[in-house]
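User: Could you walk me through this one? I'd like to begin at the ligand and then see how the rest of the chain is arranged around it.

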Amino acid sequence: MTDSIRVTGGAPLTGEIRVRGAKNFVSKAMVAALLGSTPSTLRNVPDIRDVGVVSALLRLHGADVNYDVESGELTIDPTALTKADAANIAEHAGSSRIPILLCGPLLHRLGEAVIPDLGGCRIGDRPIDFHLEILQRFGAVVTEHPDGLHLSAPNGLRGIKYRLSYPSVGATEQLLLTAVMAEGITRLDNAAVEPEIKDLIDTLQKMGAIISVDTDRSVTIEGVGRMHGYDHTALTDRIEVGSWASAALATGGDIMVLGAQQRHMGMFLNVFRKVGGEFDVVPEGIRFYHPGGELHSIALQTDVHPGFMTDWQQPLVVALTQAKGLSIVHETVYEKRFGFTDALVAMGAHVQLFRECLGDKECRFGQLNFKHSAVISGPTPLTATEITVPDLRGGFSHLIAALAATGTSTVHGIGIIDRGYEDFRGKLAALGATVE
Ligand code: EPU
């Protein structure tokens, strides 16, 4: 399949599409299945590249993984787990950061694990210091080898008391996946509480875990000696839903997103409405549309849940180029998540980046010289150009910009988008987009 597409924009996206399970939950639930002594079934699984990558990694460790694209049903039998070679893990992991999350379950099941060099989207340094500190506190011994980090647990893993300095999603998942079978009680303070994490907690509870979540971002886990398989239906991908909603707004369109769940979209829906978009929540999903007239500028800060997600930011910024006045967006989760705006500027948008925190939220990047605030002045017509996508969300945002622009744009490197957007080519066609 070619890695470039030509997009002829300027027409509203209209029609109906379906969004299935959340990429950022499904991959973790697949890892959780390794903790079970019996097979697991995960439902509503999307056909995205990240699912293929995690499946390959699990198979490499001896798990039997079967996926039916049509029904979205994925089964994992982890009964015959074996050790994998670091070079093979690195080859299968590609740019995925999943190998780090395999550590807890593999240490419980096999007594050892390996972390090769990790990739992921190029959106800042994305360190793994929290992960390593957590694993070591549980009792893992980490040694550096030429092929990566090797972990072992010579004395088993024991519950810990831990406070995250920042409510990291991955580090919270790391702790959960390790604590559920560690000996004794683990207490985590300042945990991430994203809906995907709550779904992971529900999944682990189905497997036999004992986990309680308090209202103050603290989580308590009582380790159990044995876990079994689960049968779980993944929550809908709220990032993908927000992306299509922004596409509707940017192109003056009307998109019915089947499967969208209001309870996971609250903050997005508030902002969508403030910008001037309209939506109808119906039992089958949410219809997002541009009601005509002017869009309004806004001031916005990304944040951990229950704030406005960083992953909603880029698609929405494209829509904000079409809003009247000055919009201000302060990115507080990643230090370098505005790289994609270069392409918008090349298409005619007025976007200026600032090192200062343009918002009242205390942010880790204010003194660190990162351009992490954006001022967008609109509305500006967008014109077609040639673009190379930088990362998953930035890439989808470029697609939206190309669809909103007049003329034919060439977008290179779209393979990245397959990591997290199921059949986006088919969905674009269903929405009437002119794409080759
Ligand atoms: N961080 C550290 N040290 C660590 C881990 C994280 O400093 O050991 C920092 C990161 O550098 C970042 C912040 O903490 O500045 C937040 O990172 P977090 O750990 O919360 O993110 P993640 O688990 O690596 C997941 C999603 C991201 C999503 C973030 C925030 C997955 C596979 N990825 O990443 O999704 O943006 O949470 O919600 O679940 C995407 O889907 O495009 C994507 C990037």
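User: How far is an oxygen atom of the ligand from a polar backbone atom of Val 333?
Analyst: First, a word on the source: this is a predicted model, with local features needing pLDDT of at least 70 and side-chain atom pairs pLDDT 80 or more, while totals for chains, interfaces and linings use all residues. Residues are numbered from 1 along each chain as its sequence is written, and side-chain values use heavy atoms, without hydrogens or water. The pair you ask about is a polar contact (N or O atoms within 3.5 Å). Val 333 offers a polar backbone atom, and the distance from a ligand oxygen is 2.7 Å.

User: How much of the 830 Å² that the ligand exposes when taken alone does the protein bury?
Analyst: Other backbones also reach ligand oxygens: a backbone N or O atom of Pro 127 is 3.2 Å from one, and a backbone N or O atom of Gly 170 is 2.8 Å from one. Of the ligand's 830 Å², accessible to a 1.4 Å probe by the Shrake-Rupley method, the protein buries 90%.

User: Which elements give two or more residues to the shell around the ligand?
Analyst: The shell has 23 residues, each with a heavy atom within 4 Å of the ligand; among those coming nearest are Lys 28, Asp 129 and Ser 168. Helices here are DSSP runs (H or I, at least four residues), and strands are E runs of at least two. The elements giving two or more residues are H1 (23-32), H5 (129-138), H6 (169-179), H10 (310-320) and H12 (392-404).

User: Why does the ligand lie between the domains?
Analyst: The assignment, automatic or from a database, gives two domains, one of them made of 4-19 + 236-435 and the other of 23-233. The ligand lies between them because residues of its shell come from both domain 1 and domain 2.

User: How many residues does the contact take from domain 1 and from domain 2?
Analyst: The centres of the two domains, taken over C-alpha atoms, are 30 Å apart. With contact meaning heavy atoms within 4.5 Å, the numbers are 25 residues from domain 1 and 23 residues from domain 2.

User: Which residues in domain 1 lose the most area to domain 2?
Analyst: About 2,200 Å² is buried between the domains, and carbon and sulfur atoms give 48% of that; this is accessible area (1.4 Å probe) lost on being put together, summed over both parts. In domain 1, three residues together make up 32% of what that side buries: His 305, Arg 419 and Glu 422.

User: Which residue does a cis peptide bond join to His 305?
Analyst: Most peptide bonds are trans. Here, omega is about 10 degrees for the cis bond, and the partner sits in the loop between strand S18 (299-301) and H10. The residue joined to His 305 is Pro 306.

User: What is the phi of Arg 217?
Analyst: Arg 217 belongs to the loop between strand S11 (210-213) and strand S12 (219-222). Although not a glycine, Arg 217 has a positive phi of about 65 degrees.

User: Which backbone nitrogen does the side chain of His 290 reach?
Analyst: His 290 is in the loop between strand S16 (285-289) and strand S17 (295-296). Residues touching His 290 include Ala 248, Leu 249 and Leu 295. At 3.0 Å, the His 290 side chain reaches the backbone nitrogen of Gly 292.

How values were computed
Polar contact = N/O pair within 3.5 Å; in protein donor to acceptor, adjacent residues only side chain to side chain. Buried area = accessible area lost by both parts, 1.4 Å probe. Lists of a residue's contacts leave out its neighbours within four places in sequence.
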